[in-house]
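Thank you all for coming; I would like to take a few minutes to walk through one structure with you. Please have a look at the sequence and the coordinates first, and then we can go through them together.

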Amino acid sequence: MDPTTDRLKTPRAAGMAGVAFALLLGAAIVLMRISIPGDAADAAIDQDRRWAVQLALQIVPFAGIFFLWFMGALRAHTGAAEDRFIATVFLGSGFVFVATLFAAAAAAGTVLNEETPSDFGRHYAYTLLATYAMRMAAVFVLATSMIGRTLGVFPRPLALLGTLVGLVLIVVGAGVPWSEMLFPAWALVISLYILRVRRTAAPADGSGPP
């Protein structure tokens, strides 16, 4: 197969996986928020909306799978010139984010199955997601933006946007409701940019329509 075609398929895969991840994670966050309104660490689960929590828990594993594809294809998109130190931070934060996301979902599922959910269980699940997972997401966004800016694979405004999103996530954390939506929104913007680059690059390299 033509090596040029191989290089072009990887960014497209990154874009498609990133879009799927952004939509799935965004949907899971929205479902959790509408079922646990207000201060999610203290509020009880709305019994009429337990279905929303159950659906969110079913979505999370698929969001994690698509995120791993997104990570791998993003790294391939940056090429072999990436800095090893930043790349290590990129990979480490991404893996820890997925692990923490899965742990938070498992903890929330355990609480949901209890007839009388404990305050400890709710706090534990919420802290894992809103504090630890989102701060790992912030490190991932910052590392990706730094790689994109250093290698020139992202335009300056997009790299600056990622830096801003990462700083907000790492500083604000769980302090502002709905702030966690910044991560899937950023992933969606990055993915759409990569898809646009793929569409414009494919005809120029003679590889046919995207």
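I will begin with the overall picture, then turn to the aromatic residues, and finish with a handful of individual positions.

Let me say at the outset that what you are looking at is a predicted model, and I will speak of it in that sense throughout. The protein contains six helices and zero strands, and if you read along the sequence the pattern is accordingly α-α-α-α-α-α. Of its 210 residues, 46% count as buried. Among the contacts between residues at least 6 apart in sequence, 77% join residues that are at least 24 apart. As for the outside, the accessible surface comes to about 10400 Å², and 67% of that belongs to carbon and sulfur atoms.

Staying with the surface for a moment, which residues form a nonpolar patch there? They are Phe 62, Ile 65, Phe 66 and Trp 69, which together have about 450 Å² of accessible area. Phe 66, to take one of them, lies in helix H2, which spans residues 50-78, and with a relative accessibility of 32% Phe 66 counts as partly exposed.

Now to the aromatic residues. How many aromatic pairs does a search of the whole structure find? The number is 13, and I would like to show you two of them in some detail. In one, Phe 67 and Phe 97 are arranged edge-to-face, with 5.1 Å from centre to centre and 65° between the planes. This pair links distant parts of the chain, since Phe 67 sits in helix H2 whereas Phe 97 sits in helix H3, residues 84-112, and the two are 30 residues apart. Phe 67 and Phe 97 are both buried.

The other pair is made by Phe 154 and Tyr 193, again edge-to-face, with 6.1 Å between the centres and an angle of 75° between the planes. Here too distant parts of the chain are linked, with Phe 154 in the loop between H4 and helix H5 (156-172), Tyr 193 in helix H6 (residues 182-204), and 39 residues separating them. Phe 154 and Tyr 193 are likewise both buried.

There is also an aromatic cluster, formed by Phe 21, Phe 67, Phe 70, Phe 90, Phe 97, Phe 140, Phe 183 and Trp 186, so you will recognise both members of the Phe 67 and Phe 97 pair in it.

That brings me to Thr 144, which is found in helix H4, residues 119-151. Is Thr 144 buried or exposed? Its relative accessibility is 4%, and because buried means under 20%, Thr 144 counts as buried. A polar atom of the Thr 144 side chain lies 2.8 Å from the backbone oxygen of Phe 140. If we leave aside neighbours within four places in sequence, Thr 144 is in contact with Leu 74, Phe 90, Phe 154 and Trp 186, and of these Phe 90 and Trp 186 belong to the aromatic cluster, while Phe 154 is the partner of Tyr 193.

Let me now move to helix H3, where I have picked out two positions. Thr 100 has its place in helix H3 and is buried, with a relative accessible area of 11%. Setting aside neighbours within four places, Thr 100 is in contact with Leu 128, Tyr 132 and Ala 133, and its C-alpha atom is 8.7 Å from that of Met 136, which is 36 residues away along the chain. Leu 91 is in helix H3 as well, but at 22% relative accessibility Leu 91 counts as partly exposed. With the same neighbours left out, Leu 91 is in contact with Met 71 and Arg 75, and the C-alpha atoms of Leu 91 and Met 71, 20 residues apart along the chain, are separated by 7.8 Å.

Two further positions complete the tour. Ala 56, in helix H2, is buried at 1% relative accessibility. Beyond its neighbours up to four places away, Ala 56 touches Ala 28, Leu 31 and Met 32, and the C-alpha atoms of Ala 56 and Leu 31 are separated by 6.0 Å although the two lie 25 residues apart along the chain. Glu 180, finally, lies in the loop between H5 and H6, and with a relative accessible area of 11% Glu 180 is buried. Its contacts, again not counting neighbours within four places in sequence, are with Ile 29, Arg 33, Met 134 and Leu 169.

Methods
Residues are numbered from 1 along each chain as its sequence is written. This is a predicted model: local features need pLDDT of at least 70, side-chain atom pairs count only at pLDDT 80 or more; totals for chains, interfaces and linings use all residues. Side-chain values use heavy atoms; hydrogens and water are left out. Helices (H or I, at least four residues) and strands (E, at least two) are DSSP runs, numbered from the N terminus. Buried means under 20% relative accessible area, exposed over 50%, partly exposed in between (1.4 Å probe, protein chains only). A polar contact is a pair of N or O atoms within 3.5 Å; within protein, one must be able to donate a hydrogen and the other to accept it, and residues adjacent in sequence count only if both atoms are side-chain atoms. Contact means heavy atoms within 4.5 Å. Accessible areas come from the Shrake-Rupley method with a 1.4 Å probe; for residues, only the protein chains shown count as cover. Patches are made of residues with over 30% relative accessible area and no salt bridge: like charges are joined within 9 Å, nonpolar side chains (Val, Leu, Ile, Met, Phe, Trp, Tyr) within 5 Å. A salt bridge is a side-chain nitrogen of Lys or Arg within 4 Å of a carboxyl oxygen of Asp or Glu. Rings of Phe, Tyr and Trp (its six-membered ring) pair if their centres lie within 6.5 Å; planes under 30 degrees apart count as stacked, over 60 as edge-to-face and the rest as tilted.
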